[in-house]
Amino acid sequence: MKTDVLIIGGGMAAAWAAIAAAEAGASVIVVDKGYLGTSGVTAPAGPNHWWVGPDKALRRDAIERQSAKSLGLGNPEWMERILEITFRHLPTLATYYPFGSDGHGGTYYSGIRGPEYMRALRRFALARGVTILDHHPAIELTANPEGRITGALGHALRRDEAWEIRAGATILATGGNAFRSGLLGSHTNTGDGFLMAAEAGARLSGLEFGPSWSHSPVWASTRTLPYTGARYYDAAGNELDIPPLRQTHAHHQALATAILQGPVLADLSDAPADLPPILRRIQPFTPAPFERRGIDLFKQRWPLRLWGEGTIRGVGGIDLADRDCRTGVPGLFAAGDAATRELVAGANSGGGAVNAAWALSSGRIAGAAAATEALQHTGQGTAQGLGRYGLHPSGAVQNFDLGAINAQVDEHIHGYQRAFWRQESSLADSARQLDALWHPIAAHAHARGEKLVALRESIAMLATARWATASALARRESRGLHQREDYPQTNVERPQRLLVSGFDTVIIAQPHWEPA
Amino acid sequence: MITPILESRCNGCNQCVAVCPTLVLAEAAQTPQIVRPDACQTCYMCELYCEQDAIYVAPDQTAPQTVDPQAILASGQLGRIRHDQGWDRENSGEDHLDVYWRLGPLLGDGVENAARRYAGRHATD
């Protein structure tokens, strides 16, 4: 198959990129590992978008607040762009999404319920003439002898056959990496795009700022609306003195300490009084995990834990080389959670709102720029696959227990002791153990078809964990989501970004950085 | 995790096979079968998209559960999510999203409640 623009991924950013590329006149194919409409973390959630009207003073105030929150690493110009693009384009979904009341006589645009949002984006993209190939995971990018990306190779899961798509420009919108933590909607978010981009020569940034976390019952990850006012109790019924959510790191450390010592029970009797009657209209999936176990969510106590979110509501991703979301690899763009959010979130979580505005805006920017680039390039001619790990072993083929490897990788990223008490000794220990996992799989792993998809997912998670650990080791300070026990202060000098790349040897670089 | 699709309700449309983001299900002669149970992330999407209300996702995402189909049929849970979402009456003129704007303020109210309690507790120390 051939197309002007190939988009890999099936969440918000992929859909917005597809719509923008099609509007710019390009032919567009979207390949998703899952189903564009249910894939990824947006579909079972409901993102609020960072939303400020065109009033100049309001925009300036919002950007100043966000710049402060970014702790010196955000870029006000990018913030201005995503506010403008979000404000202009979110309402264009109105044909496909029934925007509701804002409670004050107007229309509520900024927050969109997940299942309807992703269904609307699918319908919008189809109406623009986009071809959507569901259950078509990409396995590797292809490039011509000049090093320009010419598309991708992958596997059609339902037909169990290989596919190849040639494109003038390719966009990675594969989402973040949740390391199979169980976070709601994240099973497909295994950092596949990070791996493909890095094999093509791209670098990543901001991976030390994470993971982020959410609260949920121990048996199921849910959305978190009911839990923000929770009281916490130990098994003996003593109320725990947990600092409030606003003191993010102290809150997490105290809760993690208590959870490590034995069950922590959440009590929602102090939830906002207006919430219980309307919870199921706002987050219809949230009551089910309780009702179906016979638990009254708001009246009974139930065991809670922190669920790791990997890079999802964090910061890190493929570094961007210019304002069109190019990656620095010719012909390759990145958008959404697959790209670094450092430009708009800096050292702190972009939460729902900033990251949602980023996904929409970076998707549209990359889509439009890729459409323009595809006017000059066709992706035709000689090309070869750039994938290496799991595809071309350098030694004798061995079998690996991927489930066990995935669990170990998740522990190095999300194990409470390692995550909430970050320090040189534990990070160096993680780096060593992850290296020991990496080298055998890099040299000896091989699979085909659906098994290759699973193998590449494990390799992508392992590679990301090594980059994140190296980045966290290299940043000898505490800043935003990156909190070090051994370096509790924030450096007062000009803040530095970190770029990370490399496979057998992980390389950290500090780019020349001019805050706008 | 997903439980076996209720054959008495399933019309074999295979919409659940198409929409599952992790391809847990596969087409079969009549009722789709669970072929990749380990990939089920308990996201409820198959339930939401099933117009026959023939799917019950059990609440524990960490382990498969055995359920009694008769108990499920009697539970009132089949179709509940689709109803709460408003997908069973989409062109009824009802505005299913008219309270969605309260998400942000209610999240914030919870955060405030917790912060106030903590401050109160430590003010009296």
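**Reading a two-chain model**

Student: Is A:Arg180 buried or exposed?

Tutor: A:Arg180 is buried, because 22 other C-beta atoms lie within 10 Å. The rule is that a residue is buried if 20 or more other C-beta atoms lie within 10 Å of its own, exposed if 12 or fewer, and partly exposed in between, with C-beta atoms placed from the backbone. Before we go on, this is a predicted model: local features need pLDDT of at least 70, side-chain atom pairs count only at pLDDT 80 or more, and totals for chains, interfaces and linings use all residues. Residues are numbered from 1 along each chain as its sequence is written, while chains are lettered from A and ligands numbered from 1 in the order in which they are written.

Student: What about the backbone: what is the phi of A:Arg180?

Tutor: General idea first: most residues other than glycine have a negative phi, and most peptide bonds are trans. A:Arg180 has a positive phi, near 50°, and sits in the loop between S6 and helix H5 (192–199) of chain A. Helices (H or I, at least four residues) and strands (E, at least two) are DSSP runs, numbered from the N terminus. A:Cys325 also has a positive phi, near 65°. Its loop runs between strand S12 (317–318) and strand S13 (332–334) of chain A, and A:Cys325 counts as buried because it has 29 C-beta neighbours inside 10 Å.

Student: And which peptide bond is cis?

Tutor: The one from A:Gly210 to A:Pro211, with omega near 0°. Look for A:Pro211 in the loop between strand S7 (204–205) and strand S8 (213–217) of chain A.

Student: How do I read a helix, say H1 of chain A: how far does it reach?

Tutor: Compare its span with the ideal, which is 1.5 Å times one less than its number of residues. H1 (residues 12–23) has 12 residues and reaches 17 Å from first to last C-alpha, close to the 16 Å expected. Just after H1(A), A:Gly25 takes a positive phi of about 100°.

Student: How many residues of H1(A) are buried?

Tutor: An α-helix has 3.6 residues a turn, so residues three or four places apart point the same way. Here, 11 of the 12 residues are buried, among them A:Met12, A:Trp16 and A:Ile19. The cover includes strand S1 (2–8), strand S2 (28–31), helix H4 (114–127), strand S6 (161–172) and helix H10 (353–373) of chain A.

Student: Which residues have the most contacts inside the largest nonpolar core?

Tutor: In soluble globular proteins, nonpolar side chains tend to be buried together. A nonpolar core here is a set of buried Ala, Val, Leu, Ile, Met, Phe, Trp, Tyr and Cys residues joined through C-beta atoms within 7 Å. The largest has 191 residues, and A:Val5, A:Ala17 and A:Ala18 have the most contacts inside it. Helix H14 (residues 449–474) of chain A gives the largest share of this core, 14 residues. Leaving aside neighbours within four places in sequence, A:Val5 is in contact (C-beta atoms, placed from the backbone, within 7 Å) with residues including A:Ala21, A:Val28, A:Ile171 and A:Ala370.

Student: What are the radii of gyration of chain A and chain B?

Tutor: The radius is taken over C-alpha atoms, and the globule rule is 2.2 Å times the number of residues to the power 0.38. Chain A has 22 Å, close to the 24 Å that the rule gives for 516 residues, so chain A is as compact as a globular protein of that length. Chain B has 20 Å, whereas a compact globule of 125 residues would be near 14 Å. The C-alpha trace of chain B spans about 65 × 40 × 30 Å along its principal axes. Buried residues make up 58% of chain A and 38% of chain B.

Student: How is chain B divided?

Tutor: Into domain 1 (1–92) and domain 2 (95–125), with bounds from an automatic or database domain assignment. Their C-alpha centres are 34 Å apart. The elements of chain B run α-β-β-α-α-α-α from the N terminus.

Student: Last one: how many residues does each chain give to the contact?

Tutor: Chain A gives 53 and chain B 42. On the side of chain A, H7(A) gives the largest share, five residues. By class, that side has 24 nonpolar, 18 polar and 11 charged residues. Ala, Val, Leu, Ile, Met, Phe, Trp, Tyr, Cys and Pro count as nonpolar, Asp, Glu, Lys and Arg as charged, and the others, Gly among them, as polar.

Definitions and conventions. Two residues are in contact if their C-beta atoms, placed from the backbone, lie within 7 Å.
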